[in-house]
Amino acid sequence: MTAPSFRLDFLEHDASLREPTGLRERSDALDWLDTCLALGVSTSPDETRLRQRMESLAAELQAVDDALCAQIRQAIQHGDGALALRPWAAAAASGAGGDDSSDRYDHLDNLISGVLALGETAEPLLPLDEGMVFYQPTPARHIFQLLARLALGEDDVLIDLGSGLGHVPLLVAIATPARSIGVEWQGAYVAAARQCAQELGLARAHFEQGDARVADLSAGTVFYLYTPFGGDLLRAVLDRLQLEARRRPIRICTLGPCTQSVARESWLRPLDASRLDRPAIFHSR
């Protein structure tokens with residue numbers, strides 16, 4: 001661990017890492033420290049002292065993150081969540097930070113994970129039906145970018161089809177005046193999302209356990225799909241959404257491979273569906 005000692009010296013004296021606004025740099029530092037600590041196996045006195053310094057710095061930086069998340073949680077509980085998240089949402093919406101590839105998580109995901117504090121699911125997971133896809137959360141920067149583009153109002157209702165642990169509906173309720181509904185197959189995920197909404201006082205976020213093919217979609221003005229299913233199941237859901245679009249104008253937002261399928265729907269007008277690694281928005285014709 002001789003070489004890392006130079007970087008450790010720098011990090012220990014970098015006051016900006018202790019500032020709440022240093023989230024990105026702090027996340028990078030913690031990732032580096034975790035990697036070094038995982039690799040260190042020597043028991044020499046010098047190596048042991050270096051390891052102790054790394055552990056101490058990691059604990060100090062994690063405490064800064066924990067305090068930041070607690071502050072934002074408290075703001076959400078007092079109805080000021082949109083204001084508390086505004087600096088991070090604005091940076092994400094502007095594209096600050098570079099790579100937007102959909103399979104990458106970053107410091108914003110660490111922040112949102114700490115703020116939402118979604119606990120371990122106690123219930124066993126149900127087997128996936130044919131066409132359903134294994135759950136992974138939407139990267140937080142994509143959620144913030146999407147919300148900035150949608151400009152949801154108090155008359156909007158965003159329905160997340162395949163909402164998982166509820167990141168999108170929860171952030172909609174925190175950062176916008178709209179209502180949100182998460183429809184999710186896994187009851188364990190629904191229970192965790194409901195508990196989070198209750199703890200944060202998010203009365204405008206609702207979660208339902210069920211099948212998107214038969215769920216009540218009548219309230220929705222915006223529908224979100226992060227490729228939660230494919231094949232015949234996706235076809236059935238798109239047919240249901242087309243029926244809804246005959247009754248009122250709707251918007252459909254997608255991320256991932258399902259964007260290609262949705263872009264082929266003649267009843268939808270794409271705003272920007274050229275990339276699969278960024279959210280796409282479609283308007284019903």
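**Strand pairing and salt bridges in a predicted model**

Me: How many bridges join strand β2 to strand β3?
Reply: This is a predicted model, in which local features need pLDDT of at least 70 and side-chain atom pairs count only at pLDDT 80 or more, while totals for chains, interfaces and linings use all residues. Residues are numbered from 1 along each chain as its sequence is written, and side-chain values use heavy atoms, with hydrogens and water left out. Strands β2 (residues 179–184) and β3 (residues 205–209) run parallel; strands (E, at least two residues) and helices (H or I, at least four) are DSSP runs numbered from the N terminus, and two strands pair if DSSP finds at least two bridges between them. The number joining β2 to β3 is five.

Me: Which residue of β3 is the bridge partner of G182?
Reply: The strands containing this pair, β2 and β3, run parallel. The partner of G182 is F207.

Me: Which residue forms a salt bridge with R251?
Reply: A salt bridge places a side-chain nitrogen of Lys or Arg within 4 Å of a carboxyl oxygen of Asp or Glu. For R251, the closest N and O atoms of the pair are 3.9 Å apart. The partner is D156.

Me: Is E244, the salt-bridge partner of R247, buried or exposed?
Reply: The closest N and O atoms of R247 and E244 are 3.2 Å apart, and the two residues are three apart in helix α9. Relative accessible area under 20% means buried, over 50% exposed, and in between partly exposed (1.4 Å probe, protein chains only). R247 has 59% and is exposed. E244, at 6%, is buried.
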